[in-house]
Structures are given as C-alpha cells and as structure tokens.
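Biologist: Can you walk me through this one? I'd like to start with a polar side chain and then work outward.

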Amino acid sequence: MMKFNVLKRFSSEVAFTAEIECAEDAPTSIKMGLAARWAIKSRADLSRADLGGANLSGAYLSGAYLGGANLSGANLSGAYLSGADLSRADLGGANLSGAY
C-alpha cells in the first residue's frame, strides 16, 4: 500500500490522499486512476480535483461528484458515468469512447 496525493485543480492544495496498491514506479496515470477509484469508494470529494490524464477506463463513476474537476486527457473509455455530476469539469481531450 502506498499513499498518493491528488491536488486541487487551481491550487497546490491536497484534494485528498488515497491509499492505493501499485508499484512506486507505476505511471502517474495509473496512480491517478487508482486514487480516483479509491476516492469514489471512500466517498471523498472529487470536486475541483486535478485528474488530468488519469486512467479511468471501465470505472464505475455513477453518482460521483466531479464538478469543476480537471479530466483533460483522462481515459474514460467504457466508464459508467450515469448520474455523475460533471458540471464545469474540463473534459478536453478525454477519451469517452464506449462510456455510458
């Protein structure tokens, strides 16, 4: 287990700290994806979180509050987004192929 900090989108403040299982040298996109999944299970506040480039393919994000979050360049292919709040989220360049 390792701790991984996700920062807020417009500041360097820590949005939340996730406890994830992965190699220390794993790509940041993998760590971000695991941290986001951990946060959703833990009901952490993802609003304004910087998740740019995160690998969230196949993630179950139903009901997640991602308002104002940075998801630019994130891989959301096959993600389940029904009921997720994406208001004011930055989705520029995000891969949404096959997302529900």
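**Chat on the model**

Biologist: Which side chain does Ser77 make a polar contact with?
Modeller: Asn75. The polar contact between the two side chains is 2.8 Å. Bear in mind that this is a predicted model.

Biologist: Is Ser77 buried or exposed?
Modeller: Buried. Ser77 has 18% relative accessibility, and the cut-off for buried is under 20%.

Biologist: Where is Ser77 found, and what does Ser77 touch?
Modeller: Ser77 is in the segment after helix H1, which spans 28–41. Leaving out residues up to four places away in sequence, Ser77 touches Ser57, Gly58, Asn95 and Ser97.

Biologist: New topic, confidence. What is the mean pLDDT of the protein?
Modeller: The mean is 91, and 100% of the residues reach 70 or more.

Biologist: Where is confidence lowest, and where highest?
Modeller: H1 is lowest, at a mean of 91. E1 is highest, at 94.

Biologist: Now the rings. How many aromatic pairs are there?
Modeller: The count comes to 3 aromatic pairs. One of them is Tyr60 with Tyr80, which is stacked: 5.0 Å centre to centre, with 0° between the planes. That pair links distant parts of the chain, as Tyr60 and Tyr80 are 20 residues apart, each in the segment after H1.

Biologist: Are Tyr60 and Tyr80 buried or exposed?
Modeller: Tyr60 is exposed, with a relative accessible area of 57%. Tyr80 is partly exposed, at 30%.

Biologist: And why does the pair of Tyr80 and Tyr100 count as stacked?
Modeller: The ring planes of Tyr80 and Tyr100 are at 10°, and the centres are 4.9 Å apart, so the pair is stacked. The cut-off for stacked is planes under 30 degrees apart. Tyr80 and Tyr100 both lie in the segment after H1, so their pair ties together parts 20 residues apart in sequence. Tyr100 is exposed, with a relative accessible area of 62%.

Biologist: Which residues do the ring pairs link into a cluster?
Modeller: Tyr60, Tyr80 and Tyr100.

Biologist: Over to the strands. How do E1 and E2 run?
Modeller: Antiparallel. E1 covers residues 2–7, E2 covers residues 14–20, and 6 bridges join them. They form a hairpin with 6 residues between them.

Biologist: What stands opposite Leu7?
Modeller: Val14, in E2.

Biologist: Where is Lys8?
Modeller: Lys8 sits in the loop between E1 and E2. Lys8 is partly exposed, at 29% relative accessibility.

Biologist: What does Lys8 touch?
Modeller: Setting aside residues up to four places away in sequence, Lys8 touches Glu13, Val14, Ala15, Arg48, Ala49 and Asp50.

Biologist: How far apart are Lys8 and Gly67 in space?
Modeller: 12 Å, C-alpha to C-alpha. In sequence, Lys8 and Gly67 are 59 residues apart.

Biologist: Last topic, the core. How many residues does the largest nonpolar core have?
Modeller: The largest nonpolar core has 26 residues. Val6, Phe16 and Leu51 have the most contacts inside it.

Biologist: Which elements give two or more residues to this core?
Modeller: E1, E2 and H1. H1 brings the largest share, 4 residues.

Biologist: And what is Val6 in contact with?
Modeller: Not counting neighbours within four places in sequence, the contacts of Val6 include Phe16, Met32, Ala35 and Leu51. Val14, Ala15 and Ala49 are also among them.

Technical notes:
Residues numbered from 1 in each chain as written. Predicted model: local features only at pLDDT ≥ 70, side-chain atom pairs only at ≥ 80, totals over all residues. Heavy atoms only, no water. Buried < 20%, exposed > 50% of the residue type's maximum accessible area, 1.4 Å probe, protein only. Polar contact = N/O pair within 3.5 Å; in protein donor to acceptor, adjacent residues only side chain to side chain. Contact = heavy atoms within 4.5 Å. Pairing = 2+ DSSP bridges. pLDDT = per-residue confidence, 0-100. Phe/Tyr/Trp six-rings, centres within 6.5 Å; stacked < 30°, edge-to-face > 60°. Core = buried A, V, L, I, M, F, W, Y, C linked by side-chain atoms within 4.5 Å.
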